[in-house]
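Student: Hi! Could you walk me through this structure, one piece at a time?
Tutor: Happy to. Let's put it on the screen and start with a strand.

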Amino acid sequence: MRSRMFPFDSSLRTSELTQVRGSRYGPEYKDPQVDKEYYRKPLAELTEEEKYERELRKTQHIKAAPASKTSSVFEDPVISKFTNMIMKGGNKVLARSLMAQTLEAVKRKQFEKYHAASAEERASIERNPYTIFHQALKNCEPVIGLVPILRGGHFYQVPVPLADRRRRFLAMKWMITECREKKHRRVLMPEKLSHELLEAFHNQGPVIKKKHDMHKMAEANRALAHYRWW
Amino acid sequence: MAAPCVFWGAAVSYRLFLGSRVSLALRQGVWKAAAAELQILRLRHTTGVTAKKNVAALKRETYTVDFIKKQIEEFNIGKRHLANMMGEDPETFTQEDIDRAIAYLFPSGLFEKQARPIMKHPEQIFPKQRAIQWGEDGRPFHFLFYTGKQSYYSLMHEAYGKLLDVEKRQNQLQAKGLFSEKTKTKDLIGSRWLIKEELEEMLVEKLSDQDYAQFIRLLERLLTVECSAEEEEFVQRFRRSVTVQSRKQLIEPLQYDGQGMAFSTSEGKRKSAKAEAIVYEHGSGRIKVNGIDYLLYFPVTQDREQLMFPFHFLDRLGKHDVTCTVSGGGRSSQAGAIRLAMAKALCSFVTEEEVEWMRQAGLLTADPRVRERKKPGQEGARRKFTWKKR
């Protein structure tokens, strides 16, 4: 095999593996940083690491920003992820409108409660739908999960600590599945979703129950914990 | 499949030779020739002829020094001929000129760039090889020959020697009281260390990952202490420059229309949508797409957010007027194409730093993602047919 001269710039592919089969970007392309405030920070405030990071980014290739990302202050990564999970068949328009209607429904319900409540209770009622959404999903996240491990021809459900992203995913997945399956066919999705979100915000409801069931199963299978090797 | 045929031919000719020699030695006769023919016929019908492996051909080809010298001479002469052919001055004919000339004289439609005709200096084509490392008495020339990696260890030896020198000098300075902290910071971003493959090529020796890491650590230690010019030069030999991407962005020149208003035009693409945007310097944030207002052309909020993105990013939301034309693609790809066109056009109104910010936000890169083709034997691009056990 004749050795050839390697290209001497950042498009080297020697020790890095290509991430995904058929990605149109090379492995050297980095994700874009869309946040405006990151760039507006004055130079004096940056630490050494941040300065180095900035200088490094000047030499890297950057991917194009996807169509769902903007520098808007109203954009929320959790909401975007949840919208994508609700989406069916690529119908982003419908998914986004459902999400908007859900948040509106949550806000309306909370405002009704607020107006009906007395002065002391008003302070404790949360009306911002985004905080309710985030808190509800956080309440639904399981701490520990079960993983089927094959040992001696049988699959045992072994309790395993979950990564952050896996927990967030499970919370969202349970919420959406619950709302899709356990609703009456005449009830609309935003109504059901808003109801479930409010219940989860108060640590009640079927999704929280599912989380507790998962914890109980993990506790019951505590003896199998040593099957885990990582 | 040339190799088996060669062996087959060799075996047949060998047998033929033997057969003919035997027949001539014993008796002349027509029936002996016929027997030889029968033997040949028999040979033709046998399968799986076993032949000895050509061991010599499997070893790596070695090029002698004379051969390489001859190649270099031929290359230089050829270069002069080529320059004459192209009507250029042979003295100032660079490698890029050669590449262009070859591409012109031998146009090739092959997709694989390395399969096309090339004319490069023999040092770039033939791999670097090591001359014989020992003399006639069998004694090796280099004192580190028996380590197995003589170039690597001699390099380490040299680098460590330099480090010790520098430290001794610093100790002397400190003893005298003239010690000064290292003040100058080197340009660490514009260059990078050699990678392992490059180092291997430089030393013409195989290295392990640990060897390479050890060497880089030593060089970094050299960098941390203050060293003289020759040590700097020694370290710089192992650094390669890295292109700074921001300088590659093309900034459109400004044009002026009849009323004296400055504007800038640019194009953008996304999937199969092509857009052209004209951004005016002063305006009130009106965007016209194909003559229609953007609120009516893009009823979906997400598309309008994409149109707003470049302006919002640069805090110029209500300050420019845009007229654009777009064709092809779907609603989302048309929005993406217009976004790219607008961002590129905005580069002419904005400082270089902001252009770099836009590039890092992903606004100035054309999205290369296209629809993946469907493959035969599968239902879609990735989806396979339902697996049936029987």
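Student: Which residue is the bridge partner of R270(B) in β5(B)?
Tutor: A273(B) is the partner of R270(B) there. Strands here are DSSP runs (E, at least two residues), and helices are DSSP runs of H or I with at least four residues, both numbered from the N terminus. Before we go on, this is a predicted model: local features need pLDDT of at least 70 and side-chain atom pairs count only at pLDDT 80 or more, while totals for chains, interfaces and linings use all residues. Residues are numbered from 1 along each chain as its sequence is written, chains are lettered from A and ligands numbered from 1 in the order in which they are written, and side-chain values use heavy atoms, without hydrogens and water.

Student: Cool. In what sense do β4 and β5 of chain B pair?
Tutor: Antiparallel, over eight bridges, with β4(B) covering residues 262-270 and β5(B) residues 273-280. Two strands count as paired if DSSP finds at least two bridges between them.

Student: What's the strand order in the sheet they belong to?
Tutor: In chain B, six strands run β3-β4-β5-β8-β6-β7, forming an open sheet with mixed pairing. At the edges sit β3(B) (255-256) and β7(B) (292-293), each pairing on one side only.

Student: Which helix packs on that sheet?
Tutor: That's α13(B), which touches β4, β5, β6 (287-289) and β8 (321-327) of chain B. Contact means heavy atoms within 4.5 Å. The direction of α13(B) makes about 140° with that of β4(B); axes are lines fitted to C-alpha atoms, for helices over the stretch in contact, and angles run from 0 to 180 degrees between N-to-C directions.

Student: And how does β8(B) pair with β5(B) and β6(B)?
Tutor: β5(B) and β8(B) run antiparallel, joined by seven bridges, whereas β6(B) and β8(B) are parallel, with three bridges. C324(B) in β8(B) stands opposite A277(B), and C324(B) is also the bridge partner of V289(B).

Student: Switching to chain A: how many residues lie between β1(A) and β2(A) in their hairpin?
Tutor: Two residues, and G152(A) in the turn has a positive phi of about 60°. The two strands, β1(A) at 144-151 and β2(A) at 154-161, run antiparallel and are joined by eight bridges. Along them, P148(A) is opposite Q157(A).

Student: Now the interface! How many residues does each chain bring to the contact?
Tutor: Chain B brings 43 residues and chain A brings 42 residues. The area buried between them is about 4,100 Å², with 53% from carbon and sulfur atoms; buried area is the accessible area (1.4 Å probe) that two parts lose on being put together, summed over both.

Student: How many salt bridges are there between the chains?
Tutor: Three. A salt bridge is a side-chain nitrogen of Lys or Arg within 4 Å of a carboxyl oxygen of Asp or Glu. One pair is R96(A) with E305(B), at 3.0 Å, N to O. On chain B's side, α8 (196-203), β2 (239-241), α12 (301-313), α13 (331-346) and α14 (352-360) each supply at least two residues. The largest share, seven residues, comes from α12(B).

Student: Where do E104(A) and R108(A) lie?
Tutor: Both are in helix α4(A) (residues 92-116), four residues apart, about one turn of the helix. E104(A) and R108(A) form a salt bridge, with their closest N and O atoms 3.0 Å apart.
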